[in-house]
Amino acid sequence: MQWEETYGLFSLLLGVFVAYMVGYNAKARAEKWGRWWLEPGWLTRPKGILKRAKLLTRRPNLLFFIHLMPAFIGFAFFIVAAFLREQTGPLIAFGVGYFVPRLLRYDYSGKKTQTFRLWMLVVTAKKIAAFCDLETAKAFIFDLGRNPDPEVRIAAVNGLMELDPRVGLGALEKLKADPDVEVRNAAMEAHRVLSMVASGKYVLKLGPMAKLMEEHKAWKQAVALGGFRKGQNRRNMHLTAEKIDDIIYSQLAQRLAFPSVYCRNCNARATQLEYADWTWVRCRICLEANDLELDVKTVVGQIGGETQRDLTEGTLLMSLWNEDRKTAVSADVDALEIIGNQPMNYDWAVSAVVQALQHRHDAAMPPISLKLTGAPSLEHNTKLLLSSVAQEG
C-alpha cells in the first residue's frame, strides 16, 4: 500500500513537471509549428508552398489545431500513460501541470486563438508576396481580398503592402471601402504607409542593421541549443526580426527599383546585401539608403555641358567639372561625354576628371563609354590618359 501511495505521488510530481515542460511557452511552440508549415520548400518549390498557403487561407480553422498542438500532445501523452499504468495521477497531473499554467500564462481560447489565427494568415500572405513572382503573388493576395472572412481580407491588406506599390496601392484603395470596419481601417493605414514608402522618402537608417543581425544570429543560436530559456530566446529572436523587417520594409521602393538606384549624395551606385530571408540595398560609399534616387538606369558624366544635374526617362546627366572652382566631381558613371566649343582648358579638366574616375571606377565595373561632341581640342597625352578609363564607342 505504501508503495502504491509513493508511486502515485511520484507519478503526480513527474506528471506535473513533464506536463509543464510540454506546455511551457505554448504560444512560441505553436508559432514555431505554424512557421514550419510554411517554411519547407519556400525557396526550392514555391508551387508546393503555394498549395499549403491556399489550404490555410481556404480552411483557416486548421490554424486552431496548430494553435492547440501543444495541448494535444500533452493530453495524448498522459492518456497513454494512464492506460498503461492504470493510474489517475498522470491525468490529474495534466490538469494541474498544464491547464493551470496555461490559464495563467497563455489562454488557448477566445481572443488569443483569434490573434494567433490572424497572425498565421498575415504571415502566409507576406510569405507569398516575398517568395513568389509578382503575378502569382498578385493572384493569390487578390483572392484573399475577396474572401468572405474579414480576417483573411486583413491578411490580404498585409500582403498588398509587400507588393509593388503600383499594384498594391490600387488594391488597397478598393479595400478602403470594405463593409467591415476593421478591414477598412487596416486598408486605410496600409495605404498611408505604402504611399509614404513608395515615394522613396521614408527610409530608416541602416546603421543599426549590423548590430541587429548579430543579435538575431545570437538568439537563433540560443534557440537551436534549447534549454529552459528557449521560449524566451525565441521571442527575443522574433522581436529582433521585427526591427529588421521595419528597416528593410522602409526601403521597399529602392529594393524594387534595384539596380536602377543611385545615391545623389555620393554620386554612387547601390549594392544589394542579403541575410537569412532579408534582402536590402545601400549606397556602396556611405552605406546608407536615405539618399538613393530611383529609376536611374544610365549615368552620363559631362565635361563642358550646361546641365549640372538632370534625370529624364532613366538617364541622369551630371556635370563632372566645375569651371569656376576648377574641381572635378568623383562619381560612378556609365558614360563620359566631352562637349567642345566651351571657353575652358579641356586638357586640365579632362586630366582632373580622369583622375577622379580612376579613383572611383572599379575594375569589376563595366567599361565607361566615351562620346566626343563638338570636336573638343585635346592634346595627345590627354587622349592617352582618357583612354585609360573610357573607350570611345
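What share of the contacts in the protein chain with a separation of 6 or more comes from residues 24 or more positions apart? The share is 66%. Keep that figure in mind as you look through this predicted model; here are some points to follow on the screen.

1. **The overall picture.** The protein chain has 393 residues, and 44% of them count as buried. Its secondary structure consists of 16 helices and 12 strands.

2. **How confident the prediction is.** The average pLDDT of the protein chain is 78, and 68% of the residues score at least 70. Confidence is highest in strand β1, at 94, and lowest in helix α6 (residues 89-105), where the mean is 52. Please read residues 104-112 with care: the pLDDT there is below 50, although this stretch has 19 contacts in the model beyond near neighbours in sequence.

3. **From β1 to β2.** Find strand β1 (residues 261-263) and then strand β2 (residues 268-275); the two run antiparallel and are joined by two bridges. As a landmark, look for C263, which stands opposite A268 in β2. The hairpin has four residues between these strands, and within it N267 takes a positive phi near 50 degrees.

4. **From β2 to β3.** Carry on along the chain to strand β3 (residues 278-283), which is antiparallel to β2 and joined to it by six bridges. Here Q272 stands opposite V281 in β3. This hairpin has two residues between the strands, and A276 is the residue with a positive phi, near 55 degrees.

5. **A closer look at N267.** Go back to the loop between β1 and β2, where N267 is found. Is N267 buried or exposed? Its relative accessible area is 11%, so N267 counts as buried. Leaving aside neighbours within four places in sequence, N267 is in contact with several residues, including Y262, M318, V329, D332 and R360. R309 is also among the contacts of N267, and the side chains of N267 and R309 make a polar contact at 3.0 Å.

6. **R309 has a charged partner too.** Which residue forms a salt bridge with R309? The partner is E293, with the closest N and O atoms 3.1 Å apart. E293 lies in strand β4 (residues 292-294) and R309 in strand β6 (residues 309-312), so this pair ties together parts that are 16 residues apart in sequence. The two partners differ in exposure: E293 is buried at 13% relative accessible area, whereas R309 is partly exposed at 34%.

7. **Other salt bridges.** Side chains of opposite charge can pair when their charged atoms come close. How many salt bridges does a search of the whole structure find? There are 11. One of them joins the side chains of K176 and E173, at 3.5 Å from N to O. K176 is partly exposed, with a relative accessible area of 26%, and E173 is also partly exposed, with 41%. Another brings together the side chains of K326 and E323, at 3.2 Å from N to O. Both ends of this pair are partly exposed as well, K326 at 36% and E323 at 26%.

8. **A glycine in a loop.** Now move to the loop between β10 (335-339) and α15, where you will find G340. Its relative accessibility is 4%, so G340 counts as buried. Where sequence and space are concerned, compare G340 with G374: they are 34 residues apart along the chain, while their C-alpha atoms are 4.6 Å apart. Setting aside neighbours within four places in sequence, G340 is in contact with Y346, T373, G374 and P376.

9. **Helix α15.** One of those contacts of G340, Y346, belongs to the buried residues of α15. This helix covers residues 346-360, which makes 15 residues, and reaches 21 Å from its first C-alpha to its last, close to the 21 Å expected. At the start of the helix, a side-chain oxygen of N345 comes to within 3.2 Å of the backbone nitrogen of D347. Further along, the buried residues include A349, V350, V353, V354 and L357. R360 is buried too, and you have met R360 already as a contact of N267.

Note on methods. Residues are numbered from 1 along each chain as its sequence is written. This is a predicted model: local features need pLDDT of at least 70, side-chain atom pairs count only at pLDDT 80 or more; totals for chains, interfaces and linings use all residues. Side-chain values use heavy atoms; hydrogens and water are left out. A salt bridge is a side-chain nitrogen of Lys or Arg within 4 Å of a carboxyl oxygen of Asp or Glu. Buried means under 20% relative accessible area, exposed over 50%, partly exposed in between (1.4 Å probe, protein chains only). The expected span of a helix is 1.5 Å times one less than its number of residues. A polar contact is a pair of N or O atoms within 3.5 Å; within protein, one must be able to donate a hydrogen and the other to accept it, and residues adjacent in sequence count only if both atoms are side-chain atoms. Two strands pair if DSSP finds at least two bridges between them. Contact means heavy atoms within 4.5 Å. pLDDT is the predictor's confidence in each residue, from 0 to 100.
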